[in-house]
Amino acid sequence: QVQLVESGGGLVQAGGSLRLSCAASDRTFSNYHMGWFRQAPGKELEFVAAITWKGSTTYYSDSVKGRFTISRGNVANTMYLQMNSLKPEDTAVYYCAAGSVIPTMTRHDEYDYWGQGTQVTVSS
C-alpha cells in the first residue's frame, strides 16, 4: 500500500508560480508511474500530467502544456509539478496518483493510489 501526500498548494495571483510536491511512503515508489489530476468545483476530475516510472517520458494535457512541468526524484520518493504562468482556470484541488500498469497514463481509473489533494487557487 503506497501512501501519497501532496503539499505546496496555496493562493497565487494570475501569472504566478507554484510547485506542488507528492511524497510517497513506499520505497517501491520508483516502480510506479505517477500522475497529477485536478478537480475544480462542479467539474469532473481532469488529467494534468504524468510521468513514467523511470522519468523518461512525460505527458501533459493541452491546457497546461508549456506552462507546467512534471518531474520525479526517485531517491527522495517524491514527485513534483512546477506550475508557471498560472491562470484563474487552473484553480482546483490537485491530486497525485500512482499506478503500476497504466496503459494510457491519462485515465484516472487506471491509477491505484491517490493522495488527499492540495488546493490551488489562482486569483485574477
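Hi everyone. Let me begin with a definition: a polar contact here is a pair of N or O atoms within 3.5 Å, where, within protein, one must be able to donate a hydrogen and the other to accept it. Please keep in mind as well that we are looking at a predicted model.

With that in hand, let's go to Thr118. The side chain of Thr118 reaches the backbone nitrogen of Gly9, and the distance is 3.3 Å. Where does Thr118 lie? Its place is in strand β11, which covers residues 118-123. Is Thr118 buried or exposed? Thr118 counts as buried, because its relative accessibility is 11% and the cut-off for buried is under 20%. If we set aside the neighbours within four places in sequence, the contacts of Thr118 include Glu6, Ser7, Gly8 and Gly9. Leu20, Ala92, Val93 and Tyr94 are in contact with Thr118 too.

Two of those names, Glu6 and Ser7, take us to strand β1, so to speak, and to its sheet. Which order do the strands of this open sheet follow? There are four of them, in the order β1-β3-β8-β7, and the pairing is antiparallel. At the edges we find β1, residues 4-7, and β7, residues 68-73, each of which pairs on one side only. From one strand to the next, the twist averages 15 degrees. As a general reminder, strands of a sheet pair through backbone hydrogen bonds, either parallel or antiparallel.

Let's walk across this sheet, starting from β1. Leu4 and Glu6 make up the covered face of β1, while Val5 and Ser7 are on the uncovered one. The neighbour of β1 is strand β3, residues 18-24, and the two pair in the antiparallel sense over four bridges. Across that pairing, Glu6 stands opposite Cys22 in β3, and Ser7 stands opposite Ser21 in β3.

Moving on, β3 and β8 run antiparallel and are joined by six bridges. Cys22 comes up again here, as it stands opposite Met79 in β8. What about β8 itself, residues 78-83: how many of its six residues are buried? Five of the six are, so β8 is largely enclosed by the rest of the structure.

The last step is from β8 to β7, again antiparallel and again with six bridges. In this pairing, Thr69 stands opposite Gln82 in β8. The hairpin of β7 and β8 has four residues between the strands, and in it Asn77 takes a positive phi near 55 degrees.

Now for the aromatic rings. How many aromatic pairs does a search of the whole structure find? It finds five. One of them is formed by Phe37 and Phe47, with 5.7 Å from centre to centre and 70 degrees between the planes, an edge-to-face arrangement. This pair links distant parts of the chain: Phe37 is in strand β4, residues 33-39, and Phe47 is in strand β5, residues 46-51, 10 residues apart. Both Phe37 and Phe47 are buried.

Phe37 also pairs with Tyr111. Why is that pair called edge-to-face? The ring centres of Phe37 and Tyr111 are 5.2 Å apart and the planes stand at 80 degrees, and planes over 60 degrees apart count as edge-to-face. Here 74 residues separate the partners, with Phe37 in strand β4 and Tyr111 in the loop between β9 and β10. Phe37 has a relative accessible area of 1%, so it is buried. Tyr111 counts as buried as well, at 5% relative accessibility. Put together, ring pairs link Phe37, Phe47, Tyr111 and Trp114 into a cluster.

One more ring deserves a look, that of Phe29. The charged end of Arg72 sits over it, 4.5 Å from the ring centre.

Arg72 leads us to my last stop, Thr52, since Arg72 is among the contacts of Thr52 beyond four places in sequence. The others are His33, Thr57, Tyr59 and Met105. Thr52 is found in the loop between β5 and β6, and it is buried, with a relative accessible area of 12%. A polar atom of the Thr52 side chain lies 3.4 Å from the backbone nitrogen of Ser56. Finally, Thr52 and Val75 are 23 residues apart in sequence and 15 Å apart in space, C-alpha to C-alpha.

Thanks for listening!

Conventions:
Residues numbered from 1 in each chain as written. Heavy atoms only, no water. Buried < 20%, exposed > 50% of the residue type's maximum accessible area, 1.4 Å probe, protein only. Contact = heavy atoms within 4.5 Å. Phe/Tyr/Trp six-rings, centres within 6.5 Å; stacked < 30°, edge-to-face > 60°. Lys NZ or Arg CZ within 6 Å of the ring centre and 35° of its normal. Pairing = 2+ DSSP bridges. Axes fitted to C-alpha atoms, helices over the stretch in contact; angles between N-to-C directions.
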